[in-house]
Amino acid sequence: MDYNRLAELLFPHITTTPADMEAKYPPRKLPEGAKVTRFAPSPTGFVHFGGLFPSTVAERLAHQSKGVFYLRIEDTDAKREVEGAAQGLIKTLATYGIHFDEGAVLDENGNIADKGDYGPYKQSMRGPIYQTYAKQLVREGKAYPCFTTEEELDELQQVNKKEAIKNTDWQAEAESRRAEMLARRSFTLEDVEENLRAGNPFVLRILANGDPEKKTKFTDLVRGALEIPENDEDFVLLKSDGIPTYHFAHAVDDHLMGTTHVIRGEEWLPSLAKHIQLFSYLGFKLPKYMHISQIMRLDENGNKKKLSKRDMGANMDDYTGMGYSPEAVCEYVMTLLNSNYEEWHAKNADKPYTEFPFNIKKMSVSGCLFDFNKLGDVSKNIISRMSADTVYEKLTAWASVFDPDFAAQLTADPAYTKQILAIGRGGKKPRKDLTTWVDAKPYMGFFFDPYYEIVDGYPQGFENADVVAALERFLATYNAADTMNEWFDKVKAIATELGYAADMKAYKANPADFRGSVADISAFIRVAVTGKQNAPDLYTVMQIIGEERTRARIEAQINNLK
RNA sequence: GGCCCGGUGGUCAAGCGGCUAAGACACCGCCCUUUCACGGCGGUAACACGGGUUCGAUUCCCGUCCGGGUCACCA
């Protein structure tokens, strides 16, 4: 067969050569050891937790090595593309600290633009580049056109219909596919000319020369030594619209763009054979690969499943609404990514995670379960270390979007709100009341009159009259100017007066001797003032709320209970 | 079903031929405490199984089992 002729037939409009491309996209000039990595999402939806993973690794590796981290939009499947998804991706990634040096960026109008010398960074704009290499492969007899239509193929591939998967005769399936593939390979130039004249679309397939019985040794940076069977499948390089498949685009782009480390999910491992073959056909140097294990969730049968779009916690845009700050999520990701992160963080509590020396060798090979408990713990610690001012800013920013009514309360008197937020904050052992911003309202809502309500009720085992008696005495002696000790002494005096134990030890020794304890008296007052049985230090709370409102709340309760 | 990857407590995980098998989260108990939140102390709980190799296997090899991934003109 005259392959040059075939190439001209197939790609008459392509006049560029691979050499032209190499000249246009020369190797990058970077210091020794600098890594070039990328994140290459397809704009089909939101950023997935499972996508934040590899992108965090890629970002860390590039920036830690003074290399380049770029964004490439893999929009080769027009059918699945979602309007505006690429823009959303960029914004979401940015909130999680994923910033790109190069590639697709948002311009001032919010549109996707290119930044850097290796573009375009949208694959749909790179048709001629791919076709240049495609033409070359045809010339070399390494790729061929296939005029079999998608519909015809579908009939052969009932295997991929999920429902049929169990009843499939795999043996027969494989054989018929193999036969089909071999049949596709035999054609004449005349066949091609005829199809072309008839306007029939074709896909370009690789002419696979591998023997799956033969394994090639391969080293993955996270998984170590691997044995990859050679590829013998004539997979598609160019779809009938002239746009490449992932495999082909991966080879051409990562070569031309100078990617040194390909970081992607482990679902790509089975395709690795194809990529090795392609790079070899194209005469490209194979980049280093890291296949990151996936994040899992538990299904109803207790089995692990890969975290998918619909799962809780999958959509990165949801975390904000759930009240998690991006720092918390990033730190949680780090704990999963590098097992020694927590140890480092314990010693460097004040440093941002970006200073952590990220190490490929510390990455886990097996997929881990998403753990909200752990995320919560990380988040709680982060919030506890913030200053009252910082919490005020973040909380009000969050509330202004997700709970405007609450935001209005919080910002009505910033000094007041900050006083509340300062309770137990600072010092070695700060309180850890807030796991997420969502917790703030139930925790501190009672400080604001509109949210004050009796939610817990008074302690069990007491009559309303008991509560009223205690509250009335308290009101009679209450002086907002008292110190904490004076204040509590008065509470104790009330306890004694009403037959409650003022001393907890004495009460615990002989509970039957008393009506209750000073703890109960405190609880009565606490519920009256805060509406809850659990709250931060009562004296402090009353100081912040102020004498007038404290009295008003207690009086209202007395009237209510009478 | 073929191929590939994996298997240490409920979860995340240290471990790299010799240890009473770390630590963190979660859970439970005790202490502190007028409640809560912290903090302190302690506890329950693991090397999937069977064969090798070896003086000795969680660690190396093989098999079994289990789990995951993948088998498109999707990425």
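Tutor: Two strands pair if DSSP finds at least two bridges between them, and strands themselves are DSSP runs (E, at least two residues), as helices are (H or I, at least four), numbered from the N terminus. Before we use that: this is a predicted model, in which local features need pLDDT of at least 70, side-chain atom pairs count only at pLDDT 80 or more, and totals for chains, interfaces and linings use all residues. Residues are numbered from 1 along each chain as its sequence is written, chains are lettered from A and ligands numbered from 1 in the order in which they are written, and side-chain values use heavy atoms, with hydrogens and water left out.

Student: How do you know that β3 and β4 pair?

Tutor: Strand β3 (residues 102–106) and strand β4 (residues 112–115) share 4 bridges, in the antiparallel sense. The rule asks for at least two, so they qualify as a pair. For an example, look at Leu106, which stands opposite Ile112 in β4.

Student: What lies between β3 and β4 in the hairpin?

Tutor: There are 5 residues between the two strands, and Gly110 in the turn has a positive phi of about 80°.

Student: How do you know that strand β2 and β3 pair, and in which sense do they run?

Tutor: Strand β2 (residues 68–71) is joined to β3 by 2 bridges, and the two run parallel. The cut-off is at least two, so 2 bridges will do. One of the residues to look up is Leu71, whose bridge partner in β3 is Gly103.

Student: Which order do the 4 strands of the open sheet have, and what kind of pairing?

Tutor: The order is β1-β2-β3-β4, with mixed pairing. β1 (36–39) and β4 stand at the edges: each has a single partner strand, so one side of each is left without a neighbour in the sheet. Ignoring direction, neighbouring strands here are turned by 35° against each other on average; the axes behind that angle are lines fitted to C-alpha atoms, for helices over the stretch in contact, and angles run from 0 to 180 degrees between N-to-C directions.

Student: And why do β5 and β9 stand at the edges of their sheet?

Tutor: That open sheet of 3 strands has the order β5-β6-β9, with antiparallel pairing. β5 (143–146) and β9 (236–238) each have a single partner strand, so each has one side without a neighbour in the sheet. The twist averages 45° from one strand to the next. Strand β6 (residues 203–206) pairs with β9 over 2 bridges, and Arg205 stands opposite Val236 in β9.

Student: Now the RNA. What makes a residue count as near RNA strand B?

Tutor: One of its heavy atoms has to lie within 4 Å of the strand. There are 64 residues around RNA strand B, and Arg177, Arg223, Lys239, Lys374 and Arg431 come nearest. On the RNA side, sugar and phosphate account for 69% of the atoms that come within 4 Å of the protein. α14 (372–385) gives the most to this surface, with 4 residues.

Student: Which classes make up the surface near RNA strand B?

Tutor: It has 21 nonpolar, 16 polar and 27 charged residues. Here Ala, Val, Leu, Ile, Met, Phe, Trp, Tyr, Cys and Pro are nonpolar, Asp, Glu, Lys and Arg are charged, and the others, Gly among them, are polar.

Student: What makes the Lys304 pair with RNA strand B a polar contact?

Tutor: A polar contact is a pair of N or O atoms within 3.5 Å (within protein, one must be able to donate a hydrogen and the other to accept it, and residues adjacent in sequence count only if both atoms are side-chain atoms). A polar backbone atom of Lys304 is 3.0 Å from a phosphate oxygen of the RNA, so the pair passes. Pro430 has a polar backbone atom 2.9 Å from a sugar or linking oxygen of RNA strand B, and for a backbone N or O atom of Gln533 the distance to such an oxygen is 3.2 Å.

Student: Last one: why is something called a cavity, and how many are there?

Tutor: On a 1 Å grid over the protein atoms alone, a cavity is a set of points where a 1.4 Å probe fits but cannot get out; a pocket is an open set with protein on both sides within 12 Å along at least five of seven lines, and lining residues have an atom within 4 Å of a point. Points are joined across faces, edges and corners, and a volume is the space filled by probe spheres set on them. The count comes to 1 cavity of 30 Å³ or more, and the largest has a volume of about 90 Å³. Its lining includes Lys380, Ile420, Arg431 and Tyr443, and α14 gives the largest share, 3 residues.
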